[in-house]
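This report concerns aromatic pairs, cysteines and selected side chains. The sequence and structure are shown first.

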Amino acid sequence: MADRVHPVDIPSSSSNPPSSNNSGEVVSPKQPSFPSPTKPVQPSAGTYVVQVPKDQIYKYPPPENARRYESLIKRKPRRNCCCRCLCFTCSFLIVLIVAIGITLGVLYLVYRPEAPKYTISNIAIKHFNVTTSSKISPEFDVSVRAENPNNNLGMYYRKGSSVKVVYSGIDLSTGVLPVFYQPANNVTIFQTALKGSNVILGSSVKTALRNEQNKGKVPFRVSIKAPVKIKIGAVKTWEITVKVNCDVTVDALTVKSKLVSKDCDYSVRLW
């Protein structure tokens with residue numbers, strides 16, 4: 001007997017057709033399984049996900065730059081310390097300079113210091129032969145007049161001074177000043193012996209000297225450099241340098257020479 005065939009509804013193309021197994025039972029197609037949306041997906045073992053805000057990414061260096069970052073942090077206190085020391089030193093120096101300036105200003109107003117005055121009072125010349133062709137060793141005995149016009153200031157003339165006589169740029173004789181103390185309101189005349197050794201004069205220089213001697217006007221320059229300390233009451237100042245330049249003219253190159261003219265200027269170096 002033949003089997004009957006019953007009509008079956010054909011499903012739409014959008015749905016999957018059912019399948020049958022060997023026993024003839026109709027089996028619906030398997031639908032794909034999806035995780036429940038309420039349950040978060042769990043990462044596999046050994047995996048971690050860390051979410052870092054963007055504004056914190058640059059605040060911490062990576063491990064390879066950590067040492068460099070730490071060294072930079074350690075250096076900052078040193079710089080701050082150096083800056084503080086420098087500021088303290090500068091402030092101290094400024095205060096010290098201001099204090100010294102105020103002190104000097106007060107002393108000036110109280111004592112009214114005046115500069116000393118210097119001049120040449122006499123010159124005696126020996127062994128100055130302008131007719132010989134050999135070397136000469138002239139000697140000058142120079143009398144220097146030093147006046148201290150201050151009422152309350154004394155002056156200590158110390159070692160290390162120098163005196164020289166120059167003619168036309170040639171050093172003829174040299175010497176030193178005596179070491180002495182000059183009190184206030186005092187005039188001191190001291191003599192210094194200047195000696196030259198093996199001075200060579202050219203023929204033109206000798207000719208000029210002979211002509212000037214015949215006219216009775218032989219010019220020289222006397223240069224003096226003296227280290228001095230000022231006494232203010234019981235206090236002595238630091239060492240200052242007094243420089244004196246005198247242009248003098250004598251009538252002859254002999255022991256009995258007389259001054260025809262003299263003009264002196266001086267300067268003081270405080271440091």
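In this predicted model, Phe-180 has a relative accessible area of 19%, under the 20% limit, and therefore counts as buried. Phe-190 is likewise buried, its relative accessible area being 7%.

Aromatic pairs

In total, the structure holds nine aromatic pairs. One of them is formed by Phe-128 and Phe-140, which meet edge-to-face, with 6.2 Å from centre to centre and 85° between the planes. This pair links distant parts of the chain: Phe-128 belongs to the loop between strand 3 (117-126) and strand 4 (139-148), whereas Phe-140 is in strand 4, 12 residues apart. Both Phe-128 and Phe-140 are buried.

The rings of Phe-180 and Phe-190 also pair, with centres 5.2 Å apart and planes at 50°, so this pair is tilted. Because Phe-180 lies in strand 8 (residues 180-182) and Phe-190 in strand 9 (residues 186-195), the pair ties together parts that are 10 residues apart in sequence. The table sets out the two pairs.

| Pair | Centre to centre | Angle between planes | Arrangement |
|---|---|---|---|
| Phe-128 and Phe-140 | 6.2 Å | 85° | edge-to-face |
| Phe-180 and Phe-190 | 5.2 Å | 50° | tilted |

Phe-128 and Phe-140 are also members of one aromatic cluster, together with Tyr-167 and Phe-220. A further aromatic ring, that of Tyr-156, has the charged end of Lys-236 sitting over it, 4.2 Å from the ring centre.

Cysteines

How many disulfides does a search of the whole structure find? The search finds one disulfide. Cys-246 and Cys-264 are the residues joined, with a distance of 2.0 Å from S to S. In general terms, such a link is a covalent bond between the sulfur atoms of two cysteines. The link of Cys-246 and Cys-264 is right-handed, with 115° about the S-S bond. Since Cys-246 lies in strand 11 (residues 235-250) and Cys-264 in strand 12 (residues 259-269), the pair ties together parts that are 18 residues apart in sequence.

Are the two linked cysteines buried or partly exposed? Cys-246 counts as buried, because its relative accessibility is 0%. Cys-264, in contrast, has a relative accessible area of 22% and is partly exposed.

Cys-87 takes part in no disulfide; its nearest cysteine sulfur is that of Cys-83, 6.4 Å away. Why is the sulfur of Cys-90 not in a bond with the closest cysteine sulfur? That closest sulfur belongs to Cys-87 and is 6.7 Å away, which is too far for a bond, because a disulfide requires sulfur atoms within 2.5 Å. Cys-90 is partly exposed, with a relative accessible area of 39%.

Two further buried residues

Lys-206 is part of helix 2 (residues 203-215). Lys-206 is buried yet forms no salt bridge, and the nearest side chain of opposite charge is Glu-212, at 14 Å. Which residues does Lys-206 touch, apart from those up to four places away in sequence? The contacts are with Val-130, Thr-132, Ser-133, Ser-134 and Leu-201.

Ile-232 is placed in strand 10 (residues 218-232). Its relative accessible area is 18%, so Ile-232 is buried. Ile-232 and Gly-154 are 78 residues apart in sequence, while their C-alpha atoms are 6.9 Å apart in space.

Conventions:
Residues numbered from 1 in each chain as written. Predicted model: local features only at pLDDT ≥ 70, side-chain atom pairs only at ≥ 80, totals over all residues. Heavy atoms only, no water. Phe/Tyr/Trp six-rings, centres within 6.5 Å; stacked < 30°, edge-to-face > 60°. Helix = DSSP H or I, 4+ residues; strand = E, 2+ residues; numbered from the N terminus. Buried < 20%, exposed > 50% of the residue type's maximum accessible area, 1.4 Å probe, protein only. Lys NZ or Arg CZ within 6 Å of the ring centre and 35° of its normal. Lys, Arg positive; Asp, Glu negative; His and termini not counted. Salt bridge = Lys/Arg side-chain N within 4 Å of Asp/Glu carboxyl O. Contact = heavy atoms within 4.5 Å.
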